[in-house]
Structure formats: C-alpha cells, structure tokens
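Visitor: I have a chain here that I would like to understand. Could you walk me through it?
Guide: Gladly! Let us look at it together.

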Amino acid sequence: MLIDLNESDGRPIYGRIADRIKFAIAGEVLRPGELAPSVRELSKQLVVNPNTVARAYRDLQGEGLLEPVRGTGLQVAVGATERCRLARKDHVRARLRAAFDEVRETGLPAGEIEAILHEEWSRGQGGDQANGKGA
C-alpha cells in the first residue's frame with residue numbers, strides 16, 4: 001500500500017496518515033477483515049517515527065475503523081468502508097468550501113471562477129485528452 005503524505009498540508013502527520021488510511025479503506029485498497037500495514041512497516045515506508053503511526057492507528061481504532069486481531073495486528077472493521085466514504089466526502093467538501101470562501105474574497109465574477117474550475121479539473125484529468133480533443 002502506497003501512502004503519499006502531502007507536505008503542503010499543515011496538519012499533524014498522524015492526522016494525515018489517518019486520513020490516507022481512511023481513503024485507502026474508502027477506495028477498497030484496504031477491505032474489511034484485511035490487516036492494515038504494521039506500525040513498523042508503515043513508519044519505515046513513510047520515514048516517520050513509529051509513535052506517529054501508532055497515534056494515527058489509535059485514532060482509527062477510536063473511530064471504530066480498525067480493530068485489533070490478537071497476536072496479528074489491526075484489521076479493517078466491518079462497516080468501515082461506508083463510514084470512510086462518508087468521511088472522505090466530508091473531507092473533500094470541507095476543503096472545497098474553504099477554497100471557495102477564499103476565491104469569493106478575490107471578487108472574480110462567478111463565470112471566471114467557473115472557467116478556472118473547469119480548466120483545473122481538466123488539467124487534473126489529463127488536460128485536452130480528457131475533453132476528447134487529443135494531444
């Protein structure tokens with residue numbers, strides 16, 4: 001499982017790790033009953049202190065998304081996929097709301113904002129190829 005921590009995100013690393021695990025569960029990269037990467041494995045992959053990963057896992061356990069399996073590790077709990085999908089949607093909504101609040105303060109007309117939004121969406125989808133225009 002690959003996790004890429006966004007360095008521009010100012011939140012604590014454990015929170016970003018927890019979010020990435022939630023996104024992996026929401027996207028069914030991790031399915032109910034599957035084991036999450038061990039603390040040691042994930043901390044080595046991310047080059048972070050094992051206590052940071054352990055903190056993220058404690059939070060996920062507290063939310064009922066991961067549950068301990070005696071002598072084995074932590075597995076994804078039943079029902080976690082749906083809850084993580086809702087959390088992912090809430091996360092995206094909050095980030096967009098903050099961005100829109102900032103954009104409104106620029107005073108740009110709504111049409112220009114919408115055009116920029118479409119340009120950026122297309123850029124993220126492969127540019128002109130996503131629009132069927134080809135390269």
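Visitor: What makes up the accessible surface of the chain, and how much of it belongs to carbon and sulfur atoms?
Guide: Keep in mind that this is a predicted model. The accessible surface comes to about 9200 Å², and carbon and sulfur atoms hold 51% of that area.

Visitor: What is the order of helices and strands along the sequence?
Guide: The chain reads α-α-α-β-β-α-α, with a total of five helices and two strands.

Visitor: Why is the chain called more spread out than a compact globule?
Guide: For 135 residues the globule rule gives 14 Å, and the radius of gyration of the chain is 18 Å, well over that value, so the chain is more spread out than a compact globule. Along the principal axes, the C-alpha trace spans about 60 × 35 × 30 Å.

Visitor: What share of the residues is buried?
Guide: Buried means under 20% relative accessible area. Of the 135 residues in the chain, 27% are buried.

Visitor: How do you know that strands S1 and S2 pair?
Guide: Pairing takes at least two bridges between the strands. Four bridges join S1 (residues 66-69) to S2 (residues 73-76), so by that definition they pair. The two strands run antiparallel, and leucine 66 has valine 76 in S2 as its bridge partner.

Visitor: Which residue in the hairpin of S1 and S2 takes a positive phi?
Guide: That is glycine 71, with a phi near 75°. This hairpin has three residues between its strands.

Definitions and conventions: Residues are numbered from 1 along each chain as its sequence is written. This is a predicted model: local features need pLDDT of at least 70, side-chain atom pairs count only at pLDDT 80 or more; totals for chains, interfaces and linings use all residues. Side-chain values use heavy atoms; hydrogens and water are left out. The radius of gyration is taken over C-alpha atoms; the globule rule is 2.2 Å times the number of residues to the power 0.38. Buried means under 20% relative accessible area, exposed over 50%, partly exposed in between (1.4 Å probe, protein chains only). Accessible areas come from the Shrake-Rupley method with a 1.4 Å probe; for residues, only the protein chains shown count as cover.
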